[in-house]
Amino acid sequence: MSWAAQRERGGARVARAALWCALRGGRVLAPALVWPGTAWFLATSGAARRASRDYLGRALGRAAGPADVARHFHSFALNVLDRVQLLAGAERFTIQTEGLDQVLATLAQGRGCILLGAHLGSFEALRAVAAHAPVPVWALMYRRNQGALTPLLDRLAPALLERVLEIGDTASMIQARECVERGEVVGILADRAPAGHRMVAAQFLGAKAEFPSGPFVLAATLGAPVLLFHAVRTGPRHYVARFEPFVERVVLRRESRAADLGALVQRYADAVGALCRRHPYDWFNFFPFWKAPHDDVAALVPGPLPGLVPRRAG
């Protein structure tokens, strides 16, 4: 099953109970309740367990065991808990930033920019940082596979919905261009896309995987500087958000468009792969990301533990 076809797990009652525990459980009870939730998802999500084990084997450079998979699920559950609490009030959190001055320097010139990320760490922590930005920050997202929890979270911070642009909607693409032209920021997660979108193959953690071309084509259309961003949990209610330059401007030449796009996607895949090795339990794509399972890839690629050193494009 593809990622876009998967809906959030749990019904409305479960979602409401989880939300109540997250908001009312306090600093001791709420984190403690994450463990039963983790255990339930581990017991009932066979496909996600297999996808986690496949990914972790690549990111860790060794066979991933049940404890690794449990830690991966638990890390995701803690991020969901923090997501709820961040929406309720970011003042409870400490969010350290690195490289933010480079974003602010671009905005100070009256230029808009694109923030390119992945499903690694907390997007909500990044939105907490964006709340203090000198210009509006827009999130380009796919929300059509939402379940019972997302509408409840939307009620915690309804104003955030006003800054969401829907992936695949023509009006949103036009609006994204207008935002950048006004000197504003558009954030995109570029490691997955809905079914039917064009994909580009790249080496990722030692084997070929597919990434959507849309974010990079959009960046070329907008003609704005592109920076990478992520925010990872380093302790209870503590995150580090990092920003770094990616490319001053995406140029896809007509005579070499496919090659230019491939090199750009490969550069992005290298950057995300390096982050996955640095923070292996913080990449949250619980579906088959590679066409060949990890055990099969080892037989196809010569040499010990392929992909331990990220390859650079070009």
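His230 touches Leu120, Leu126, Val240, Ala241, Arg242 and Leu275, when residues up to four places away in sequence are not counted. This histidine belongs to a predicted model, in which the protein chain holds 11 helices and 9 strands. Of the 314 residues of the protein chain, 49% count as buried, and the points below follow several of these residues through the helices and strands in which they sit.

**The chain as a whole**

- The accessible surface of the protein chain comes to about 15500 Å², and 56% of that surface belongs to carbon and sulfur atoms.
- Among the contacts in the protein chain with a separation of 6 or more, 77% are accounted for by residues that stand 24 or more positions apart.

**His230 and strand β8**

- His230 is found in strand β8, which covers residues 226–235, and its relative accessible area of 7% is under the 20% limit, so His230 counts as buried.
- Leu126, one of the residues that His230 touches, is 104 residues away from His230 in sequence, yet the two are 7.3 Å apart in space, C-alpha to C-alpha.

**The hairpin of β6 and β7**

- Strand β6 (residues 199–204) and strand β7 (residues 207–212) run antiparallel and are joined by 6 bridges; within this pairing, Ala202 has Ala209 in β7 as its bridge partner.
- The hairpin has 2 residues between the strands, and Leu205 takes a positive phi near 55° there.
- The two faces of β6 can be told apart, with Val200, Ala202 and Phe204 on the covered face and Met199, Ala201 and Gln203 on the uncovered one.

**Helix α3 and Ser52**

- Helix α3 (residues 46–60) has 15 residues and reaches 21 Å from its first C-alpha to its last, which is close to the 21 Å expected at 1.5 Å a residue.
- The buried residues in α3 include Gly46, Ala48, Ala51, Ser52, Asp54 and Tyr55, and further along the helix Leu56, Gly57, Arg58 and Ala59 are buried as well.
- Ser52, which is found in helix α3, has a relative accessible area of 0% and is buried; leaving aside its neighbours within four places in sequence, Ser52 is in contact with Val69, His72, Phe73 and Phe286.
- Just after α3, Gly61 takes a positive phi of about 75°.

**Helix α4 and Ser75**

- Ser75 lies in helix α4, which covers residues 66–88, and with a relative accessible area of 11% Ser75 is also buried.
- Not counting residues up to four places away in sequence, Ser75 touches Tyr281, Asp282 and Phe284.

**Helix α8 and its surroundings**

- The 12 residues of helix α8 (residues 170–181) should span 16 Å at 1.5 Å a residue, and the end C-alpha atoms of α8 are 17 Å apart, which agrees.
- The buried residues of α8 are Ser172, Ala176, Cys179 and Val180; because they cover an arc of only 90° around the axis, they are on the same side of α8.
- The face of α8 turned away from this buried side carries the exposed residues Thr170 and Glu181.
- What covers the buried residues of α8 includes the strands β2 (113–117), β3 (137–141), β4 (164–166) and β5 (185–189), together with helix α9 (214–222).
- Just after α8, Gly183 takes a positive phi of about 85°.

**Cysteines and disulfides**

- A disulfide is a covalent bond between the sulfur atoms of two cysteines.
- With a pair of cysteine sulfur atoms required to lie within 2.5 Å, the count of disulfides in this model comes to 0.
- Cys113 is buried, with a relative accessible area of 0%, and Cys276 is likewise buried, with a relative accessible area of 0%.

Key: Residues are numbered from 1 along each chain as its sequence is written. This is a predicted model: local features need pLDDT of at least 70, side-chain atom pairs count only at pLDDT 80 or more; totals for chains, interfaces and linings use all residues. Side-chain values use heavy atoms; hydrogens and water are left out. Two strands pair if DSSP finds at least two bridges between them. Helices (H or I, at least four residues) and strands (E, at least two) are DSSP runs, numbered from the N terminus. The expected span of a helix is 1.5 Å times one less than its number of residues. Buried means under 20% relative accessible area, exposed over 50%, partly exposed in between (1.4 Å probe, protein chains only). Contact means heavy atoms within 4.5 Å. Accessible areas come from the Shrake-Rupley method with a 1.4 Å probe; for residues, only the protein chains shown count as cover. The arc is that of the directions from the helix axis to the C-beta atoms.
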